[in-house]
Amino acid sequence: MTLDIRAAETDADLEAWRQVRLTVLPTERAPSVAELRAATDPQLLLVAALDGALVGSGLANRSSFGYAGLHVRVVPSARRRGIATSLLERLAAHALHLGFSEAGSMVDDGGSLAFAERFGFREIDRQIEQVRLVGDEPMPAIPAGIEVVAVADRPELWDAAFDPFALEAVADMATHRPVLVTREEWRDEWLLWPEAMFLALAGEAIVACAGLGADPDRPDRAEQAFTAVAHGWRRQGLASMLKRRTLAFAAAAGIREIYTWTQIGNADMRALNERLGYTTRGLSITIRGQLPLVSTGR
């Protein structure tokens, strides 16, 4: 049995990395090869082959919480053969080389959590996946004094939204640790689909946003993108109105399913999604540990 782990550098390797993700996480969008190459954050992507067959992948980057993100995926048929351990050790060594003292990841089943706990990771947060089937979706009424525009029609507004709107909204996210986002990341990574990202304006002030992220592998599916409402404009129905606007867009675009992940502490957003017809499908557990990793061997 020969295990080959190499950095994913060619387009073929990056596509192989994508295929592992699509196999392990079939209900989620995978970044395209172009998006992987355009990532502003330095990252290490690995692919693993067992006797020549693609069996796993790895990713090490700077997470939005400031520590190293270490993500290991192995296809179900190749698990319990030490592949995940080999990938994790290589990713952790890379993170140490970059100067990180903490690492984090996300797991979605008990077996993966038990594996991570062997290396000192502990659960620190949870996210709930909610799903909405798209049918005939009417355009929502827009409150008086509010204008709704797509970023594709006024692209300059996205950069203008960063400060103070986005920074205040991100600071309010119900996460275990403050989310870190730069203007460059906001511009290049948080805008997934300009035609489907909608901003609510009160005069020239940006007061709310909601949108979708397209899935090139599944054109009938989309992810709910960043949804936020500015201080002083909450509890006025803007988030609900914009989410309904994205549903109407999705229906016209032939999308049949929208999914979203919401932090366990964000009860208000989960309740809003439920009122809009979303149902719970999945659970993701956020974990964190210290570097260097130390295996308990259990």
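The following legends describe close-up views of a predicted model.

**View 1. Phe198 and Phe249 form an edge-to-face aromatic pair.** The model contains eight aromatic pairs by the rule applied here. In the pair formed by Phe198 and Phe249, the ring centres are 6.0 Å apart and the planes are set at 70° to each other. The pair counts as edge-to-face because its angle is 70°, and the cut-off for this class is over 60 degrees. Phe198 belongs to strand E8 (residues 197-202) and Phe249 to helix H8 (residues 238-252), so that the contact links distant parts of the chain, 51 residues apart. Phe198 is buried, with a relative accessible area of 3%. Phe249 is likewise classed as buried, at 17% relative accessibility.

**View 2. Further aromatic rings take part in a cluster and in a contact with a lysine.** Trp158, Trp186, Trp190 and Phe226 are linked into a cluster by ring pairs. Elsewhere, Lys243 lies over the face of Tyr278, at 5.6 Å from the ring centre.

**View 3. Strand E10 pairs with strand E9 and with strand E12.** Strand E9 (residues 205-214) and strand E10 (residues 221-224) are antiparallel and are paired over three bridges. A hairpin of six residues joins E9 to E10. Within this pairing, Leu212 stands opposite Gln224 of E10. E10 also runs parallel to strand E12 (residues 257-263), to which three bridges join it. Here Ala222 has Ile258 of E12 as its bridge partner.

**View 4. Gln263 is a buried residue of strand E12.** The relative accessibility of Gln263 is 13%, and the residue therefore counts as buried, the cut-off being under 20%. When neighbours within four places in sequence are left aside, Gln263 is in contact with Asp125, Arg126, Gln127, Met173, Ala174, Thr175 and Arg270.

**View 5. The buried residues of helix H6 lie on the same side of the helix.** Five residues of helix H6 are to be located in this view: Phe162, Phe165, Ala166, Ala169 and Val170, the buried residues of H6. They cover an arc of only 115° around the axis, which means that they lie on the same side of H6. An α-helix has 3.6 residues a turn, so residues three or four places apart point the same way. The elements that cover the buried residues of H6 include helix H5 (156-160), H7, E9 and E11.

**View 6. Arg234 and Asp172 join two loops through a salt bridge.** The side chains of Arg234 and Asp172 meet at 2.8 Å, N to O. This pair links distant parts of the chain, with the two positions 62 residues apart in sequence numbering: Arg234 is in the loop between E11 and H8, and Asp172 is in the loop between helix H6 (162-171) and helix H7 (183-189). Arg234 is partly exposed, with a relative accessible area of 37%. Asp172 is also partly exposed, at 38%. In another part of the model, Asp4, Arg6 and Asp13 are joined into one network by salt bridges that share partners.

**View 7. Two further salt bridges are formed by Arg29 with Glu35 and by Arg154 with Glu156.** The structure holds 22 salt bridges. In the salt bridge between Arg29 and Glu35, the closest N and O atoms are 2.8 Å apart. Arg29 counts as buried, at 14% relative accessibility, whereas Glu35 counts as partly exposed, at 33%. The side chains of Arg154 and Glu156 meet at 3.0 Å, N to O. Arg154 is partly exposed, with a relative accessible area of 25%. Glu156 is partly exposed as well, at 44% relative accessibility.

**View 8. Gly232 occupies an exposed position in a loop.** Gly232 is placed in the loop between strand E11 (228-229) and H8. The relative accessible area of Gly232 is 67%, and the residue is therefore classed as exposed, for which the cut-off is over 50%. Gly232 and Val207 are 25 residues apart in sequence, and their C-alpha atoms are 8.7 Å apart in space.

Methods. Residues numbered from 1 in each chain as written. Predicted model: local features only at pLDDT ≥ 70, side-chain atom pairs only at ≥ 80, totals over all residues. Heavy atoms only, no water. Phe/Tyr/Trp six-rings, centres within 6.5 Å; stacked < 30°, edge-to-face > 60°. Helix = DSSP H or I, 4+ residues; strand = E, 2+ residues; numbered from the N terminus. Buried < 20%, exposed > 50% of the residue type's maximum accessible area, 1.4 Å probe, protein only. Lys NZ or Arg CZ within 6 Å of the ring centre and 35° of its normal. Pairing = 2+ DSSP bridges. Salt bridge = Lys/Arg side-chain N within 4 Å of Asp/Glu carboxyl O. Arc of directions from axis to C-beta. Contact = heavy atoms within 4.5 Å.
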